[in-house]
Amino acid sequence: ILIMSVVATPADLPPPDKLPSVAGLPDVLTMRDGTKITSKKDWEEKQRPELKELFQHYMYGRYPHLVEPVKVVVTGKVLFEDAKAFDGKGTLREVEVSFSEASWPKIYLLIAAPNGSAPAACFVGPNFGGNHLLTASDKVRVPTAWVPANYPGVEKGTNKATAAGRGKQADTWPLQQIVEKGYAVATFYCGDIQPDRPNVREGMRATLPVHKDGGPIDETATVMWWAWGCHRAVDFLVTDKSIDAKRLAVVGHSRLGKTALLAGAFDDRIAVVIPHQSGCGGAGPSRSKNEKAEPVKRITTVFPHWFCANFTAFGDDTTKIPFDQHALVAICAPRPVLLTNAEDDQWANPSGQFDVLTAAAPAYKLYGDTKPGADKVPEQGTLSADRLGYFIRAGKHSMTPDDWKVFMQFADKWLK
Ligand code: GTR
């Protein structure tokens, strides 16, 4: 693959405080200079690239390694393969994905695929604490990178994962359930790409030049690194014979749901996008009307590394953000996007996410879908499987086997 520059940082992007205020979600078909987009062609050639540029500059930081084109060769090495996993119904493998750029960390992809001749549709996404948490199999690698202290089996005081965590979060990515439905699933520990902590030059961040006075205001931030990691996982998956390269769905929960949406928006090889309870910085609007939802000010204070420095500057006035999160959904058009939520998880802003879907619809209509999403929030527990899909269940912030049933119901419609 050649990772190369599509658009350089335009010199004319003003600092956050010099941008005009826009009260509601900005019209997704109006460009910065006021041009109205009315065709698919202009959307793809003008507004979509402009929005991608704005999201990089003001929110997630630059898509990695765009400035200096880098030719990257991705190599997959199978670490183990169990062809009789899941009661003989599937194959479980772990693949070490490495890059020709020797300084880059490796990704360890845990892949579960149904046994059979046809290449399967595949869910792909990052996980929070390591592949070993998702299965009791003792062949799965325990991460050696920094892991958050509060995950099962993490050694006290050292942030080191241990084998004691094996299988302890198997419910979050229920491999067997997915394989039994005929889908493949591939996941990796997000921290192998970029550990989830600020102020340390480790993971992929260590590959950027060091600046004495902090990095550039749009330096690649953690959510962007994770999304980039999803893309590198996709680089491998599209070469894997057990997987159908045309039927990939990206999934992630919460901060990794923010990641899933960004990954889907920035990579057209991903056919379906499922950000689960992604909230602020994901599918939740920055201009929020929901008082219980996480505000930009809070997220950029508590997690300063997730977004670039420019985004922090909008904390006191989100009306100056020259886009909102519906534009990130719109970039995915015409590909199906499913926003899934839980009633007790108001922090992730379920109602605001529905507004985001509605505001993204004009981009989908350019592709001929006259009714891309539901008119009103569907009943609790009922999937709206439209191209702009939505689901809300009872309960709290978590990713469960029942959520996966919904992801697969959506995939049955769009990937079968
Ligand atoms: C919370 C954060 C949310 C969400 C969540 C998670 O603390 O405020 O934006 O990302 O973490 O990732 O579980």
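How far apart are the end C-alpha atoms of helix α4, and what should its 16 residues span at 1.5 Å a residue? I began my notebook with this check, keeping in mind that the model is predicted.

**Entry on helix α4**

I looked up helix α4, which runs over residues 222–237, and worked from 1.5 Å a residue to an expected span of 22 Å. The end C-alpha atoms turned out to be 23 Å apart, which agrees with that expectation. I then asked how α4 sits in the structure, and found that 16 of its 16 residues are buried, so this helix is largely enclosed by the rest of the structure.

**Entry on the cysteines**

Next I searched for disulfides, for which two cysteine sulfur atoms must lie within 2.5 Å, and the count came to 0. I wanted to see why for individual residues, so I took Cys122 and found that its closest cysteine sulfur, in Cys230, is 12 Å away, too far for a bond. For Cys190 the closest cysteine sulfur is again in Cys230, at 9.5 Å, which is also too far for a bond. I noted the accessibility of both residues: Cys122 counts as buried at 1% relative accessibility, and Cys190 counts as buried at 4%.

**Entry on the salt bridges**

How many salt bridges does a search of the whole structure find? I recorded 26 of them, and I reminded myself that side chains of opposite charge can pair when their charged atoms come close.

I first looked at Lys41 and Glu45, whose side chains meet in a salt bridge with 3.3 Å from N to O. These two residues are 4 apart in helix α1, which covers residues 40–60, and so they are separated by about one helical turn. Lys41 is exposed, with a relative accessible area of 52%.

I then turned to Arg141 and Asp192, whose side chains meet in a salt bridge at 3.9 Å, N to O. This pair links distant parts of the chain, 51 residues apart, with Arg141 in the loop between β6 (120–127) and α2 (175–180) and Asp192 in helix α3 (residues 190–193). Arg141 counts as partly exposed at 21% relative accessibility, whereas Asp192 is buried, with a relative accessible area of 8%.

The pair I took up after that was Asp196 and Arg255, which form a salt bridge with their closest N and O atoms 2.7 Å apart. Here too the pair links distant parts of the chain, since Asp196 lies in the loop between α3 and α4 while Arg255 lies in helix α5 (residues 255–265), 59 residues away. Asp196 is buried, with a relative accessible area of 16%, and Arg255 is partly exposed, with a value of 23%.

I also noted a network of salt bridges that links Arg232, Asp235, Asp267 and Arg269. Arg232 and Asp235 fall within residues 222–237 of helix α4, the helix with which I opened these notes.

**Entry on the cavity**

Which residues line the largest cavity? Before answering, I noted that the structure holds 1 cavity of 30 Å³ or more, and that the volume of the largest cavity is about 30 Å³. I found Glu94, Tyr108, Asn131, Arg141, Pro143, Tyr189 and Asp192 in its lining. When I sorted these residues by kind, they divided into 3 nonpolar, 1 polar and 3 charged. Arg141 and Asp192 in this lining were already in my notes as partners in a salt bridge.

Technical notes. Residues numbered from 1 in each chain as written. Predicted model: local features only at pLDDT ≥ 70, side-chain atom pairs only at ≥ 80, totals over all residues. Heavy atoms only, no water. Expected span 1.5 Å × (residues − 1). Buried < 20%, exposed > 50% of the residue type's maximum accessible area, 1.4 Å probe, protein only. 1 Å grid on protein atoms, 1.4 Å probe; cavity = no way out; pocket = protein on both sides within 12 Å on 5 of 7 lines; lining within 4 Å. Points joined across faces, edges and corners; volume = space filled by probe spheres on them. Nonpolar A, V, L, I, M, F, W, Y, C, P; charged D, E, K, R; others polar. Salt bridge = Lys/Arg side-chain N within 4 Å of Asp/Glu carboxyl O.
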